[in-house]
Amino acid sequence: MKYMLTLYAAPDAEPSPGTPEFDAMMGEYFGLEEKMKGVATFLAGEGLQPVQTATTLRKREGRVETMDGPFAETREHLGGFYLIEAADLDAALRFAAEIPAARYGSVEVRPVMEY
Amino acid sequence: MIEATLGRVMQDDRGRLLAALIARTGDFQRAEDALQEAAASALVHWGRAGVPASPTGWLLRAALRKAIDGYRRDTTLSRHRDAIAVLAEEEAADPDPQTIPDDRLRLIFTCCHPALEEKSRIALTLRSLCGLTTAQVAAVFLDAEPTMGQRLSRAKAKIAAARIPFTVPGAEDLPDRLNSVLTVVYLIYTAGYAQGPQIGIDLCTEAIFLARLLLQLAPDQPEVEAALALLLLTQARAAARIGPDGQSLPPIRQDRSLWNRAALDEGLALLDRAISRRAPGPFQLKAAIAALHSADGPPDWPQIAALYARLHDYEPTPVIALNHAVALAESGQLAQALAQVQALGAQLDGYQPFHAARADFLARIGDSASARPEYLRAIALAGSEADRSFLQARLSALK
């Protein structure tokens, strides 16, 4: 079963680039796929540019409206995602618990719709 | 007569039947629907042909057939070929519920999964393992029956959609998951303790039933032994907790001839057994505290304070910090107790025991002027007449 793991964190909560903590965190991200072999399979995953780069769009009565910024104004921003294949929720949660963002933000685990 | 027999079988064996059906269908809702349909046809068949020799066996077989029918009715039939084959084989083998493996441990771990909301865990456990009807579960929470029905449906839908597994967790996850199960059992108990028996349901009895069931299904687990010990030690004092004048009484002031000696002894023996396994946990600490409150003579407050301090490492909640402060005060460490309770004000402002404790500490250091408004606040927040009456007496005793 596929699960989408979305990572949320406040920008000031995570280690800043250039610090040893940041390098250690990135090391953890890069090693995650390998570390979680046997628990869940990594299918895809990306980190996102900061929320200041986001554009939100909607179309109403044929007209496109664009807005500078994210869809929801929250303190914790969507910062990245994983798509994994796991046997059940317990395995997906075990994967989620190893994502560094779980320590300074939150990870939402959602099953992917099956058609 | 038939209805009464069926009702009894469904109440006693619902958990076992449901667990067996979920194990075979892998689907909580299908299993429940199949069991419901089997019960409905039991009413008709038993009425005609008499109650079968093994009513539970009859129900299991009928429910397996209903589950197969359910799959056949499903428009995505092709997906379910394997499931149908397994069920048909089981049904043909004329399963005897007494000899098939008891899957209730898996069921309770599923019902108490931390991915479900706490209230839903309690509701699902009462419905699935204690055999309460949806109406009874609703009554426990003072909810309308349709509201509770929706809550139960949402929980089952999440179990299916997010694939919450029907399994006993592995060694790595077991301590946390077992704690989640035992917490549900304990919450059921405390709800019953606060409400007393209602509409024919005694939640204290249901909680003790669940704890005994867990002990039977997962023997050698010190936290399970300790959880049952905690319930028994508390239950042993239940008849004495309200004095003749309607006031709540702390254990030290209770009439000990009203204590249930058998429950007390069983609780203490279970706790000893748990501690001898040398794998400490929060329920062992809670049961040890309850045991110290039941000891002959005045309680060993310094020891109770030490146990609360350790419990706070497991569960750093303001309520445990408050209990720790009370134990410190009783041990004579009033200054430390007051300082600790002061720091909890922001989190516990709406919690009656916080104001009662603070009032008591202030009264002890002779600050009646500050104690008085705290007692008044506690009285305003008191949930029962017994507590109110106790606090009123303390307030009147202020100089």
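The following paragraphs describe a predicted model with two chains, A and B, taking each chain, the contact between them and a few single residues in turn.

In this predicted model, local features need pLDDT of at least 70 and side-chain atom pairs count only at pLDDT 80 or more, whereas totals for chains, interfaces and linings use all residues. Residues are numbered from 1 along each chain as its sequence is written, chains are lettered from A and ligands numbered from 1 in the order in which they are written, and side-chain values use heavy atoms, with hydrogens and water left out.

Chain A contains three helices and six strands, where helices (H or I, at least four residues) and strands (E, at least two) are DSSP runs, numbered from the N terminus. The order of these elements along the sequence of chain A is β-α-β-β-β-β-α-α-β. The C-alpha trace of chain A spans about 50 × 45 × 20 Å along its principal axes. Of the 115 residues in chain A, 30% are buried, a term that means under 20% relative accessible area, with exposed meaning over 50% and partly exposed in between (1.4 Å probe, protein chains only). Contact means heavy atoms within 4.5 Å, and among the contacts in chain A between residues at least 6 apart in sequence, 76% join residues at least 24 apart. The exposed area of chain A is about 7600 Å², of which carbon and sulfur atoms supply 54%; accessible areas come from the Shrake-Rupley method with a 1.4 Å probe, and for residues only the protein chains shown count as cover. Chain A carries 11 positive and 19 negative side chains, and the centres of the two sets lie 7 Å apart. In this count Lys and Arg are positive and Asp and Glu negative, while His and the chain ends are not counted, and each charge is placed at NZ of Lys, CZ of Arg, CG of Asp or CD of Glu.

Chain B, by contrast in its elements, has 20 helices and zero strands. Its C-alpha trace spans about 75 × 45 × 40 Å along the principal axes, and 49% of the 399 residues in chain B are buried. For contacts in chain B between residues at least 6 apart in sequence, the share that joins residues at least 24 apart is 63%. Chain B exposes about 18400 Å², with 54% supplied by carbon and sulfur atoms, and the mean positions of its 42 positive and 45 negative charges are 2 Å apart.

The size of an interface is often given as the accessible area lost when the parts come together. Here chain A and chain B bury about 830 Å² between them, 50% of it on carbon and sulfur atoms, where buried area is the accessible area (1.4 Å probe) that two parts lose on being put together, summed over both. On the side of chain A, Met1(A), Leu89(A) and Asp90(A) lose the most area to chain B, together 50% of what that side buries. The contact takes nine residues from chain A and ten residues from chain B.

Asp90(A) also appears among the contacts of Arg177(B), which, leaving aside neighbours within four places in sequence, touches Asp90(A), Phe109(B), His113(B), Pro114(B) and Pro169(B). Arg177(B) belongs to helix 9 (residues 174-195) of chain B and counts as buried at 7% relative accessibility. Arg177(B) and Thr110(B) are 67 residues apart in sequence, and their C-alpha atoms are 9.8 Å apart in space. A second buried positive side chain is that of Lys156(B), with a relative accessible area of 6%, and this residue lies in helix 8 (residues 145-161) of chain B. Not counting residues up to four places away in sequence, Lys156(B) touches Phe28(B), Gln29(B), Glu32(B) and Leu124(B).

Two loop residues of chain B have positive phi although neither is a glycine. Asp220(B), with phi of about 70°, is found in the loop between helix 10 (203-217) and helix 11 (222-236) and is exposed, at a relative accessible area of 52%. Arg278(B), with phi near 55°, lies in the loop between helix 12 (261-276) and helix 13 (282-293) and is likewise exposed, at 74%.

A search of the whole structure finds zero disulfides over all chains, a disulfide being a pair of cysteine sulfur atoms within 2.5 Å. The sulfur of Cys111(B) is too far for a bond, because the closest cysteine sulfur, in Cys112(B), is 6.2 Å away; Cys111(B) is buried, with a relative accessible area of 0%. For Cys204(B), the closest cysteine sulfur is that of Cys130(B) at 12 Å, again too far for a bond, and Cys204(B) is buried at 5% relative accessibility.
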